[in-house]
Amino acid sequence: MKQKLTITVDAELLPAAKRYARARGVSLSSLIEQSLREMAGEDAPSFSSRWRGKFQAAERVDDPRYAALAKKYLE
């Protein structure tokens, strides 16, 4: 659901921001929304997804607890 937001910007910035948005074929509202999303980190991958699959199992023999954890988290 969209919500209306009132913001105040410098008078000299507004025309430049409108030109920037128009040059990219988007509205000023969508440009601001995308910038806020990037700052909020919505598009950034989660910590776990960035590291998933990056670790290798250590060579441990005869350690049932390690084997169970490796099976759960590394496979």
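**Figure 1. Charged side chains and overall form of the protein chain.** The protein chain carries 14 positive and 10 negative side chains, and the centres of these two sets are 6 Å apart. The model shown here and in the following views is predicted. Four helices and zero strands constitute the secondary structure of the protein chain, and the pattern along the sequence reads α-α-α-α. The radius of gyration is 24 Å, well over the 11 Å that the globule rule gives for 75 residues, so the protein chain is more spread out than a compact globule. Along the principal axes, the C-alpha atoms fill a box of roughly 70 × 25 × 20 Å.

**Figure 2. Surface and burial in the protein chain.** The accessible surface amounts to about 7,300 Å². Carbon and sulfur atoms account for 56% of this surface. Of the 75 residues in the protein chain, 7% are buried. Alanine 70, at 12% relative accessibility, falls under the 20% limit and therefore counts as buried.

**Figure 3. The aromatic pair of helix 3.** The count of aromatic pairs comes to one. This pair joins phenylalanine 47 and tryptophan 51, with a centre-to-centre distance of 6.4 Å and an angle of 45° between the planes. The arrangement is classed as tilted because the angle lies neither under 30 degrees, as for stacked rings, nor over 60, as for edge-to-face rings. Phenylalanine 47 and tryptophan 51 are four residues apart in helix 3 (residues 47-51), and are therefore separated by about one helical turn. Phenylalanine 47 counts as exposed, at 57% relative accessibility, whereas tryptophan 51 is partly exposed, with a relative accessible area of 40%.

**Figure 4. Arginine 24 and the ring of tyrosine 20.** The charged end of arginine 24 is placed over the ring of tyrosine 20. The distance from this charged end to the ring centre is 3.6 Å.

**Figure 5. Glycine 53 in the loop between helix 3 and helix 4.** Glycine 53 belongs to the loop that lies between helix 3 and helix 4 (64-74). With a relative accessible area of 66%, glycine 53 is exposed. Its sequence separation from leucine 74 is 21 residues. In space, the C-alpha atoms of glycine 53 and leucine 74 are separated by 7.4 Å.

**Figure 6. Alanine 70 in helix 4 and its separation from alanine 16.** Alanine 70 is located in helix 4. Its relative accessibility of 12% places alanine 70 in the buried class. Alanine 70 and alanine 16 lie 54 residues apart in sequence. The spatial separation of alanine 70 and alanine 16 is 55 Å, taken C-alpha to C-alpha.

**Figure 7. Alanine 11 in the segment before helix 1.** Alanine 11 occurs in the segment that comes before helix 1 (13-23). A relative accessibility of 65% makes alanine 11 exposed. From alanine 11 to alanine 68, the separation is 57 residues in sequence and 63 Å in space, C-alpha to C-alpha.

Technical notes: Residues are numbered from 1 along each chain as its sequence is written. This is a predicted model: local features need pLDDT of at least 70, side-chain atom pairs count only at pLDDT 80 or more; totals for chains, interfaces and linings use all residues. Side-chain values use heavy atoms; hydrogens and water are left out. Helices (H or I, at least four residues) and strands (E, at least two) are DSSP runs, numbered from the N terminus. The radius of gyration is taken over C-alpha atoms; the globule rule is 2.2 Å times the number of residues to the power 0.38. Buried means under 20% relative accessible area, exposed over 50%, partly exposed in between (1.4 Å probe, protein chains only). Accessible areas come from the Shrake-Rupley method with a 1.4 Å probe; for residues, only the protein chains shown count as cover. Lys and Arg count as positive and Asp and Glu as negative; His and the chain ends are not counted. The place of a charge is taken as NZ of Lys, CZ of Arg, CG of Asp or CD of Glu. Rings of Phe, Tyr and Trp (its six-membered ring) pair if their centres lie within 6.5 Å; planes under 30 degrees apart count as stacked, over 60 as edge-to-face and the rest as tilted. A charge sits over a ring if NZ of Lys or CZ of Arg is within 6 Å of the ring centre and within 35 degrees of the ring normal.
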